[in-house]
Amino acid sequence: MREENKKFYKNLWAIVLPMAIQNLLTSLVSASDTLMLGLLNQESLSAISLASQVNFVEQIIVFGLVAGTSVLAAQYWGKKDALSVEKVLGITLRYALIGTTALCLFTLFAPGLVMRFFTNDQQLIDLGIPYLRIVSVSFIFTGISQTYLTIMKTTDRVKLSSLFGSTTVVLNIILNALFIFGLLGLPKMGIAGAALATTISRGVELILALIENRKKNVVRIRVRHIYNQYAVLHKDFWHYTTPLLANMVAWGGAMTVYSAIIGHLGSDAVAAHSIGNIVKNIMDFLGGGVGIGASIILGNTMGRGELEQAKKDGAKFVKISLVVGTLAGLVILAGTPLIVKAAYTLTDQAKYYLKYMLFMCAYYMIGRTLNTMLINGIFTAGGDTRFGFWCDLINLWVVIIPAALLAAFVFHAPVLLVYFILYLDEFTKIPVEFMHYKKYKWVKNITRDSSELA
């Protein structure tokens, strides 16, 4: 048993650590946007916080699709069926290109309409419009590169995939400084510079992915797989992807409404909320990595038909998520005074909001990490993708959002009480999730024989 555990953790950290580092660096991009623009003025900080919600919509589309890719790819890779993994990659790319192109065109030609959804402050709208126009092109780059990088992670190329992603992130941070402040003789672009930095770095990420794609003896993008229907595999893809995509839409749409609610509570609330979100995202780097690692490891295990082992490993992952979430919360509590002090450009009212928002972020991390593990890691690995959708849909749209809307706009509750209600969602669904986990409906081998997939 000791040797088995040693092998388990060695395999886990070999997958998790590269992805955790990449997650951390990715979060630092948003942090760099916030901190650098915060040095300019509070209005630029608030504007990018709202405008970047469109990037969040793009992530919903892309990551909803690649989550479905991971379900099938991990199991087929565990079964050593590389051809089926390539077919799944082709199917995913087809829809990623359709979705990101549509979002690109809408953001490019109607940026003002997008900003008005989030705020009625004309100054923030005017600041956000150039950001959206420039960053829109990056959506298509991301749709292709993230799909391929996901396949790399599920086909034993985690380190290289994370290296590509991390390189892109570091480049983004450097370009942020150059373009936002106009360093090295470049024009000072402010919020538009942050958009240009994102677009260029995403283009570099795509180039790195396409270079890797030219190698032999690896799972590759093949044009024929993008156009070929593969009826059975196509049906399986949408069977598992549709609930995940719907879940991402339900959850992501709720987060967008969260931002819209906060956006109508004033610039001080928006500024504090934007920094609180950055802190949460940074501290979620390890929890997110462990969740993805769980989906890959459990998917491989179930693809090999080792279902009892998957049950044992699932219990270990639950314990790991509780430890990681608790540690993340403690770090936030310890760092709160320093974070508030560092946000010196904020008004006194915004600093007051930020202090108590960070306290709430600390407890949020425990529930967030556990939910990521259960819904996005364990359940998804076995193709149990419908539960997460219904859980989030009911919890967010029937309970949390109506309560927050009533608190904010009917009872005119204090900003911090509205914030507290909004972020209760990670705890209200835990009891139902645990009951579902113990039923073990997620323990399945969902692969098919190659003869069925021709």
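This report looks at aromatic pairs, charges over rings and salt bridges in a predicted model.

**Aromatic pairs**

Start with the rings. The whole structure holds 19 aromatic pairs. One of them joins Y95 and F237: the ring centres are 6.5 Å apart and the planes meet at 15 degrees, so the pair is stacked. Planes under 30 degrees apart count as stacked. Where do Y95 and F237 lie? Y95 is in helix α4 (residues 82-109), and F237 is in helix α11 (residues 231-263). The pair therefore ties together parts that are 142 residues apart in sequence. Y95 is partly exposed, because its relative accessibility is 22%. F237 is buried, at 0% relative accessibility.

Now take Y437 and W442. Their ring centres are 5.8 Å apart and their planes are at 10 degrees, so this pair is stacked too. Y437 has a relative accessible area of 4%, so it counts as buried. W442 is buried as well, at 0%.

Rings can also group. Y258, Y364, Y419 and Y423 make up one aromatic cluster.

**Charges over rings**

Y364, a member of that cluster, has a lysine over its face. K280 sits there, 4.5 Å from the ring centre. In another case, K316 lies over the face of F8, at 4.6 Å from the ring centre.

**Salt bridges**

The model has 12 salt bridges. The table lists three, including one that uses K316.

| Partners | N to O distance |
|---|---|
| E86 and R222 | 2.8 Å |
| R157 and E212 | 2.9 Å |
| D313 and K316 | 3.9 Å |

Take E86 and R222, which meet in a salt bridge. E86 lies in helix α4, while R222 lies in the loop between α9 (191-212) and α10 (223-227), so the bridge ties together parts 136 residues apart in sequence. Which side chain is buried and which is partly exposed? E86 is buried, at 8% relative accessibility. R222 is partly exposed, at 27%.

R157 and E212 also meet in a salt bridge. R157 is in the loop between α7 (138-154) and α8 (158-181), and E212 is in helix α9, so this pair links parts 55 residues apart in sequence. R157 is buried, with a relative accessible area of 11%. E212 is buried, with 3%.

D313 and K316 form a salt bridge within one helix, α14 (residues 307-342). They are three residues apart, about one turn of the helix. Both D313 and K316 are buried. Elsewhere, salt bridges with shared partners join R157, E212 and K215 into one network.

Terms used:
Residues numbered from 1 in each chain as written. Predicted model: local features only at pLDDT ≥ 70, side-chain atom pairs only at ≥ 80, totals over all residues. Heavy atoms only, no water. Phe/Tyr/Trp six-rings, centres within 6.5 Å; stacked < 30°, edge-to-face > 60°. Helix = DSSP H or I, 4+ residues; strand = E, 2+ residues; numbered from the N terminus. Buried < 20%, exposed > 50% of the residue type's maximum accessible area, 1.4 Å probe, protein only. Lys NZ or Arg CZ within 6 Å of the ring centre and 35° of its normal. Salt bridge = Lys/Arg side-chain N within 4 Å of Asp/Glu carboxyl O.
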